Structure formats: C-alpha cells, structure tokens
Amino acid sequence: MVEFIELFVVGIGIGTFGALVGIGGGMIMVPLFMLTMMAPNGSTFANVQQVIGTSLFGVLLNALSGTWAYIRQHRVMFRAATPFALATIPGAFLGSYITEYFSGNSFSLIFGTALCILAIIMYSKSRSKKATKSAADFSVETAQFNLPLGVGLSFFVGFLSSILGIGGGVIHVPMMVFILGFPAHIAVATSTFVLMISSLVGVVSHAYLHHIVWMPAIAIGCGAMVGAQIGARLSNKSRPRLIIVILSAVMFVLGCQFIYRGAF
C-alpha cells in the first residue's frame, strides 16, 4: 500500500509535467523504474521490456486524461490530430523492424547532439512570432496548415519514437510549432491526442506479451491521470513562450542522455 501511494504521488508529478508540454512522461518513468525498481536495486521488474510496457501504460492514462481535458478546452485540432496519429503507426512499425541498424553508439551521439542543437535553436527563437502565437487567434475548425507535410513529419516521429524508445511529443510539438505554424497550446493539445492513439497501440502489444506489471502501472497511471488535469489547467494559463522554453530544456536534457549513452 505504501508503494502504491508513493507511485501515485510520483504519477501526479509526471502527469502534470507531461500534459503541460505535450509529452507522455515515459522519458521520466523509464529511468526512474530502472534505477529504483529493477535488479539490483529492486525486484518489481525482471527486465527492461517490463519497464517499458509498464511505463507505456502510465503514458496512455496520462495522454487519455490530458486529451479529455484539452477537448473540453477546445484545443485539440482533430483535422490534424487524426491523420497525424494514423501516420505514426506505420512509422513505429517500420522502426521496430530496423531498430538494430540505429542502436550503435555513433547514432546515439549524432542524435543526442542534434537534439541539443535543436533545443538551443528553439530557445533562441522562443521570442519569435511562431513561438508566441496565441491560441485565441487560431481556429481549430478553419485554420489552414500543410497536411501532407504534417503526415510525413508524423511518420518520421513514429519512426524515431520506435527506434529510440522516447515519446514522440518531445519532437512532435516543436515540429508543429516551428514548421506547421501551430500555436504552442494547440500543438501541445494535438500532440497529446496523437500520443494517446500511439501509446494505445503499444500498450495492447505489450499486454499481449505480458510486459506490464499491473500494480505499479495502475498506481502511477492513476496518478498521471490526476496530474494531467492539473497540467492541462496550467497549460491553459501559461504563456506560449514558457511552454517552448520548458520543452527546449527537456530536449536538451534528453540530448545529453543520448550523448552519454553513446559515449559510455
């Protein structure tokens, strides 16, 4: 019971942060589980597959709760979210088949360096018109955007998410803001919907393979559902630039992790 409560509280924090910037929280849950609950430090998880499957269940509940909150705020652009979500699925399948060709140290170094550079560029452009565009001046029903380009980018996001084991939101949100011209608030909400669909596909496959340890999955997932409601409210009150700055910091930290993985 004590462990359940602890994971529930952790889930609230992860869900709040994940919904605020449009990422699922897997990049926090996976290292947390591996460091504290997998041998030799713990006995809850027997292998990395169980860590990933359990984390993905938490990501799904976080995205499900966040999506519901953003739908009520009328910030999910379904005309983009649905085709983007569908495009991530074949990208993820392709990535799962050729992941062995992208698992070397050199690739981790290159990708980590690219993430750090992109994070610095994002931060430097956080005062630009694209980064500070208000959701109030953007109609989710009538606003125009480049759909073929968005679908292609989403396929690429699904591919990267699969081969690298990261949530697609950390890449998807800046792509939607700086390439497709979405306001940050709309990009976060739309990315959360996309994450809900893509994580559902992953959870079904991991559940079939018995990779989900249900007690920690339910505990952290329920906490993440509560946190997602908090994060969505905070996002609604946050300035667009703040979301971009936080996301650029997340990208930089993630890039450093890949550089460390490749170097050591």
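I take contact to mean heavy atoms within 4.5 Å. The model I am reading is predicted.

**Entry 1: Lys130 and Phe182**

I started at Lys130, which sits in the loop between α5 and α6. With sequence neighbours up to four places away left aside, Lys130 is in contact with Val177, Phe178 and Phe182. I then looked up how open the residue is. Its relative accessible area is 41%, and the partly exposed class runs between 20% and 50%, so Lys130 is partly exposed. I also checked a distance across the chain. Lys130 and Arg241 are 111 residues apart in sequence, and their C-alpha atoms are separated by 9.6 Å.

Next I followed the contact to Phe182. With neighbours within four places set aside again, Phe182 touches Met77, Ala80, Lys130, Phe145, Met176, Val177 and Ala187. Lys130 and Val177 are both in that list, and Val177 is also a contact of Lys130.

**Entry 2: the largest nonpolar core**

Which residues touch the most other members of the largest nonpolar core? I found Phe33, Met77, Val170 and Phe182, out of 71 residues in this core. Helix α8, residues 184–208, gives the most to the core, with 10 residues.

**Entry 3: helix α2**

Phe33 took me to α2, which spans residues 26–36. I listed the buried residues of this helix as Gly26, Met29, Val30 and Phe33. Do they line one face of the helix or several? Seen down the axis of α2, they fall within an arc of 100°, so they line one face. The spacing fits a general rule. An α-helix has 3.6 residues a turn, so residues three or four places apart point the same way. I then asked what this face packs against. The buried residues of α2 pack against α1 (2–21), α3 (48–72) and α9 (214–237).

**Entry 4: Ser126**

I went back to the loop between α5 and α6, where Ser126 is also placed. Is Ser126 buried or exposed? It is buried, because its relative accessibility is 1% and the cut-off is under 20%. Not counting residues up to four places away in sequence, Ser126 touches Ala131, Thr132, Arg241, Ile244 and Val245. I noted Arg241 here, having already paired it with Lys130 by C-alpha distance. Ser126 and Ser248 are 122 residues apart along the chain, with 9.1 Å between their C-alpha atoms.

**Entry 5: Ala249**

Ala249 lies in helix α10, residues 240–263. At 40% relative accessibility, I count Ala249 as partly exposed. I looked up its distance to Gly181. The two are 68 residues apart in sequence and 21 Å apart in space, C-alpha to C-alpha.

**Entry 6: the second largest pocket**

I turned to the second largest pocket, whose volume is about 350 Å³. Its lining has 16 residues, and the closest to the pocket centre are Leu118, Pro174, Met175, Ile179 and Met251. Which helix supplies the largest share of the lining? I found that α5 does, with six residues. Helices α5 (105–124), α6 (147–164) and α7 (169–178) each supply at least two. By residue type, the lining divides into 15 nonpolar, no polar and one charged.

**Entry 7: Gln50 and His210**

Gln50 is placed in helix α3. Its relative accessible area is 17%, so I count it as buried. Leaving aside neighbours within four places in sequence, Gln50 is in contact with Thr44, Phe45, His210, His211 and Val213.

I followed this to His210, in the loop between α8 and α9. Unlike Gln50, which is buried, His210 is exposed, at 66% relative accessibility. The backbone caught my eye. His210 has a positive phi of about 60° although it is not a glycine. Most residues other than glycine have a negative phi.

**Entry 8: His74**

Phi of His74 is also positive, near 60°. I placed His74 in the loop between α3 and α4 (78–97). At 62% relative accessibility, His74 counts as exposed.

**Entry 9: Phe93**

My last stop was Phe93, in helix α4. With a relative accessible area of 47%, Phe93 is partly exposed. Phe93 and Phe159 are 66 residues apart in sequence, and 7.5 Å apart in space, C-alpha to C-alpha.

Technical notes: Residues are numbered from 1 along each chain as its sequence is written. This is a predicted model: local features need pLDDT of at least 70, side-chain atom pairs count only at pLDDT 80 or more; totals for chains, interfaces and linings use all residues. Side-chain values use heavy atoms; hydrogens and water are left out. Helices (H or I, at least four residues) and strands (E, at least two) are DSSP runs, numbered from the N terminus. Buried means under 20% relative accessible area, exposed over 50%, partly exposed in between (1.4 Å probe, protein chains only). On a 1 Å grid over the protein atoms alone, a cavity is a set of points where a 1.4 Å probe fits but cannot get out, and a pocket is an open set with protein on both sides within 12 Å along at least five of seven lines; lining residues have an atom within 4 Å of a point. Grid points are joined across faces, edges and corners, and a volume is the space filled by probe spheres set on the points. Ala, Val, Leu, Ile, Met, Phe, Trp, Tyr, Cys and Pro count as nonpolar, Asp, Glu, Lys and Arg as charged, and the others, Gly among them, as polar. A nonpolar core is a set of buried Ala, Val, Leu, Ile, Met, Phe, Trp, Tyr and Cys residues joined through side-chain atoms within 4.5 Å. The arc is that of the directions from the helix axis to the C-beta atoms.
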